[in-house]
2 protein chains.
Amino acid sequence: MADPSKPARSEDNGLAARRGKPTLRTIAEITGLAVTTVSRALAEAPQISAETRRRVREVAIEIGYSPDRAAQRLKTGRTNVIAVLLDPHEEILGYGTSIMSGISKALQGTSYHVIVMPNFLNTTNVEAVNYITRNSMADGVIFSRTEPLDPRVMVLSEIGFPFVTHGRTELSTPHAYVDYDNFTFAYQATRRLIAKGRRKPALISGPAGFTFTGHLQHGFMTAVREAGCAYEILSGIDLDSPAGNIRDRVRQRYTEADPPDSFMCGGEVCALATITGMSDCGLTLGNEYDIVAKQTSHLLGAIQPQVETIYEDLTATGEDMGRVLLQRIGGETDVSKLQLLLSPQIPANW
Amino acid sequence: MADPSKPARSEDNGLAARRGKPTLRTIAEITGLAVTTVSRALAEAPQISAETRRRVREVAIEIGYSPDRAAQRLKTGRTNVIAVLLDPHEEILGYGTSIMSGISKALQGTSYHVIVMPNFLNTTNVEAVNYITRNSMADGVIFSRTEPLDPRVMVLSEIGFPFVTHGRTELSTPHAYVDYDNFTFAYQATRRLIAKGRRKPALISGPAGFTFTGHLQHGFMTAVREAGCAYEILSGIDLDSPAGNIRDRVRQRYTEADPPDSFMCGGEVCALATITGMSDCGLTLGNEYDIVAKQTSHLLGAIQPQVETIYEDLTATGEDMGRVLLQRIGGETDVSKLQLLLSPQIPANW
DNA sequence: CGCAAGATTTAAAACGTTTTCATGATTCGA
DNA sequence: TCGAATCATGAAAACGTTTTAAATCTTGCG
């Protein structure tokens, strides 16, 4: 109980403390229990009698108690925070939105929060993970744009810090990931172009250095080799290129000899830019040429419904990543449970 | 470095503590100073001798010390965190990206971090700010989609919690904001349509309920009234509508009597959807109709350069919001320093 | 009735800071 | 030379929680 023995200074011992935010002590005073007991009761420890647990819970709700995260964090070393490394490139057309939305969904109802560490300024991406681990800013990390020998993965694996990547690596140490099967996507998309009678598909691929870029190219090449047709991987541009550059490059390509007659675009903006470049040359989609693209939002369908697409559900991806990371943090070590390869949904009428 | 002196149990008194993360005590032990002094020295307190400060700083860097944010937070009550409330609507075409990028820039070099509270699931937006303030998750909040009588603003003003809005309110209590002058934007954009000889501009406006929607409409109306021409505010759709809906609505409108001959679009996706709807009807931009739009990325220019635009620099907006919030947190109460109205850059050739 | 074995509860230490208050050195003016 | 003022440092408490170890209260059993 409070301590009325010192009447002199402001009696900030017992009840006066009840002015500010309610704390464990507030509940302890109200119920007449010890702080320890209250803490245990709220943690649903089995050693605390059911009756006491009930009463404590009741009072906690009554006075609107919520634990001080800073104190919990200090004591336990756990932050209850998930950090998402976001790259500026990932945002155009709401990549980030979808991913974040999915992660939020997975974390709902848990005590975890998302914190976004934008790589918007600064530094290599490995510095960001170092920063997070060194300052213990989070209990786990999520990031994408994974490279075959991704330094972030190496660092985090090394120290055993929980993480999930969007995309795979080629490292021998297995780790948690969620990936979209870009090989199958590219393979099927390219086959579709060929099935429509096109004889020289062009690939607008991912930026060099990322694992998924390799998968895209592999799928594309497999399809064209199978069909034995001509092909081209458009040089000088990639999915990260500004739309204007893609447009210019496509237009320019058509002034040269032996241009492609169809395009496999890894993204929606890329598809739009390609269409624009082509119509600059007086060519119309579905007529002189075709496009198949990956679709991650609903923009393309509304603007250019003639473009055929295969959908990648990034919100689901985010949700999977959140769920997997939670498992990993929870101590799951069985990698088979921590590795997800999502299959492209091929349209039924193909 | 480690300490091989105690092979038995870990005598976690002195040096053994040096195993884990370096702390103030680690530095204190190395330098022979008291923890208090080290803390003060790192805070550059003037009462600590320059020489001591130097030495402490040196050791701190040497051993890679960085303060435990949880402990600081617990002690001081300050979180060193800025919360950004993000709405899913705000993301298409990277609204969030730009804003976040700007905020990051403003916070760079400070001890502040950004945490994104997605409203992706749940609840009214006022619950999100309640959650943040109740759990003291941040020292300040940033949000947009401001309403004339925004409940978030009322709640936060009430309790004196620092915040900055993107957009103004019509509340009598002044508060920090950064806003784009949407009245002027809409006024000039509409005048431009009229100057090009159009006689019935249509406005595709913001969603009902937001302050900026009113500003857009006011600017639009002012321009058409001045010119004494016909006008229309397209019903049934707004800037939040899916692109497909906008497209459909525009096309449908053209099957009816007395259609508009030009459009004032508050966003890029909206402009693209409008163009698509119009070409569905066989009409081409710059020929049978014109569009003026607000531009916040570089997509539109690459895809449809014929659309005339006025630019809104969202990265700069984010940076301003970050800076203003920092001032507000720092105790600035002079609202004139906390309120920014950004002027649209009207193209020189208009 | 007495005591061991559970069943509950509690006291106290600890996490790493910051801060209040005090203390030991210097220096200074007279 | 003696306090007084200034300067530089330290000891200890506190923030709100979790956790270790111990204390207290019930029971059940002989």
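This passage describes the arrangement of chain A and chain B, the interface between them, and the setting of T190(A). The structure is a predicted model, in which local features need pLDDT of at least 70, side-chain atom pairs count only at pLDDT 80 or more, and totals for chains, interfaces and linings use all residues. Residues are numbered from 1 along each chain as its sequence is written, and side-chain values use heavy atoms, with hydrogens and water left out.

Superposition by least squares on the C-alpha atoms of residues with pLDDT of at least 70 in both copies lays chain A on chain B with an RMSD of 0.1 Å, by a turn of 180° and a shift of 0.0 Å along the axis. The two copies are thus related as by a two-fold rotation axis. Of the interface residues of chain A, 100% are also interface residues in chain B, so the copies meet through the same surface.

The contact (heavy atoms within 4.5 Å) takes 44 residues from chain A and 44 residues from chain B. About 3,500 Å² is buried between the chains, 67% of which is given by carbon and sulfur atoms; buried area is the accessible area (1.4 Å probe) that two parts lose on being put together, summed over both. Zero salt bridges are found across this interface, a salt bridge being a side-chain nitrogen of Lys or Arg within 4 Å of a carboxyl oxygen of Asp or Glu.

Within chain A, T190(A) belongs to helix 8 (residues 182-195), helices being DSSP runs of H or I with at least four residues, numbered from the N terminus. T190(A) is buried (under 20% relative accessible area, 1.4 Å probe, protein chains only), at 0%. Residues up to four places away in sequence aside, T190(A) touches P201(A), F220(A), A223(A), V224(A) and M264(A).

How values were computed. Chains are lettered from A and ligands numbered from 1 in the order in which they are written. Helices (H or I, at least four residues) and strands (E, at least two) are DSSP runs, numbered from the N terminus. Buried means under 20% relative accessible area, exposed over 50%, partly exposed in between (1.4 Å probe, protein chains only).
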